[in-house]
Each structure stands twice: as structure tokens, then as C-alpha cells.
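Here is a short briefing for you on a surface patch and a pocket. Have a look at the model first, then read on.

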Amino acid sequence: MTIFEYLMVLVSIVLGLGVTQALRGLSKIARSETRYLPVTLWGGFLVYLYVQAWWAFWDLNAVAVWNQFYFTFIVMIAFSMFAATELLMPMGKRSETNWRAHYFKVRRWFFATMLTFTVLATLQSYVLLDVPLTHPYRAYQVTMAAIEITGLVTSNPRYQAWLPTLAISSTLLGQVLFRLFPGLAG
């Protein structure tokens with residue numbers, strides 16, 4: 001077993017717990033009488049984000065030298081994803097939860113945690129993989145940060161209703177352009 005494989009064990013466990021949490025949350029929402037579409041969309045987005053993150057972490061196998069700082073750095077990415085999921089769809093909530101009220105109660109923490117994830121993921125690719133800050137993929141990351149900042153600072157239900165759709169659309173576009181057709185990145 002390489003050190004990369006060894007270190008990815010904890011990351012994989014946290015990602016697995018997070019996707020389980022997101023799927024359980026979506027199941028609770030599906031059985032709820034008080035569904036709130038933004039929570040459902042963000043939950044679906046998180047499920048996709050876990051799968052995409054798991055795939056993206058493979059890029060780290062190119063890191064030649066590992067230390068505790070690098071390991072802590074990447075574990076914090078997985079931890080921030082899990083924290084956002086737990087905030088949005090906590091294990092203790094029941095399907096009878098008023099999901100709209102819950103969303104607006106945790107909205108600031110959720111978006112602050114998602115912004116933390118985006119910043120950490122951006123820094124991780126810069127620090128560990130030497131991806132320049134001018135790489136075209138940064139446009140997607142800046143877009144996500146803008147969506148998260150908007151969610152953090154505004155409680156307007158109209159904006160909140162559109163944010164997960166914008167995040168999903170931006171993410172899918174970013175993945176198509178830079179994962180399916182990596183040559184587009186230059």
C-alpha cells in the first residue's frame with residue numbers, strides 16, 4: 001500500500017459517510033409533507049459533489065511527497081463537505097420537519113461551510129497539484145464562490161430558490177468542459 005492509498009482511507013470514509021448522510025436526507029425529504037425544493041436540489045448537488053470529489057481526489061496520486069500539513073489540508077476538504085451536508089439535512093431531523101424553516105435557520109452556516117469547501121478545493125489544486133490560479137477551471141470556482149457568497153448574505157427566498165439551480169448548472173458545465181474534454185483547459 002502506498003502512502004497515498006493509506007491517506008485516502010480516511011478521506012474515503014468521510015466521503016462515504018457524507019454521501020450516506022445526503023441520501024438519507026433526500027429520503028426524509030421525499031417522505032415529507034413540507035418539502036422545500038432548494039433543500040432537495042442542494043441535497044442532490046451534494047450527492048453529485050461527493051462522487052465528483054472522490055474522482056478528483058485521484059489526481060492527488062501524483063503528489064510525490066506527503067506530510068501532515070498536506071494530509072490535514074485534504075481531510076479538511078472532506079470534513080467541510082460532510083459539515084455542509086449535516087447542516088442541510090441533519091441526521092436527527094424527521095421527515096415531518098418544516099424544511100423551508102430549517103433551511104433559512106441554517107442557511108448562513110451552510111453557505112459558509114460550502115464556501116470553505118470551495119476555497120480549500122481551490123487552494124488544494126494550487127498547492128498540491130501546481131494548477132495555476134489563472135487556469136480556466138478557476139472561472140467555475142469563482143462562480144461557485146459567488147453563488148455561495150450570495151447565499152450567505154441574502155435571505156431573499158427568490159434568490160435562494162435559484163442558487164442550487166445555478167450551482168448545478170455551473171458544476172455540470174465545468175465538469176463537461178474540464179473533465180470530459182480536458183484538452184479544452186489548454
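A patch here is built from residues with over 30% relative accessible area and no salt bridge (a side-chain nitrogen of Lys or Arg within 4 Å of a carboxyl oxygen of Asp or Glu), joining like charges within 9 Å and nonpolar side chains (Val, Leu, Ile, Met, Phe, Trp, Tyr) within 5 Å. This is a predicted model, in which local features need pLDDT of at least 70, side-chain atom pairs count only at pLDDT 80 or more, and totals for chains, interfaces and linings use all residues. Residues are numbered from 1 along each chain as its sequence is written, and side-chain values use heavy atoms, leaving out hydrogens and water.

**Nonpolar surface patch**
- Met1, Tyr6, Val9, Leu10, Ile13, Leu17, Met76 and Phe79 make up a nonpolar surface patch with about 820 Å² of accessible area together (Shrake-Rupley method, 1.4 Å probe, only the protein chains shown counting as cover for residues).
- Two elements, α1 (3–30) and α3 (68–88), each give two or more residues to this patch; helices are DSSP runs of H or I with at least four residues, numbered from the N terminus.
- The largest share, 5 residues, comes from α1.
- Met1 sits in the segment before α1, and Met1 counts as exposed (over 50% relative accessible area) because its relative accessibility is 76%.

**Largest pocket**
- The largest pocket (an open set of points on a 1 Å grid over the protein atoms alone, where a 1.4 Å probe fits, with protein on both sides within 12 Å along at least five of seven lines) has a volume of about 630 Å³, taken as the space filled by probe spheres set on the points.
- Its lining has 30 residues, with Gln52, Ala56, Tyr137, Gln141 and Arg179 nearest the centre; lining residues have an atom within 4 Å of a point.
- α2 (37–57), α4 (99–127), α5 (138–153) and α6 (157–180) each give two or more residues to the lining, and α2 supplies the largest share, 7 residues.
- The lining divides into 17 nonpolar, 9 polar and 4 charged residues (Ala, Val, Leu, Ile, Met, Phe, Trp, Tyr, Cys and Pro count as nonpolar, Asp, Glu, Lys and Arg as charged, the others as polar).

Methods. Buried means under 20% relative accessible area, exposed over 50%, partly exposed in between (1.4 Å probe, protein chains only).
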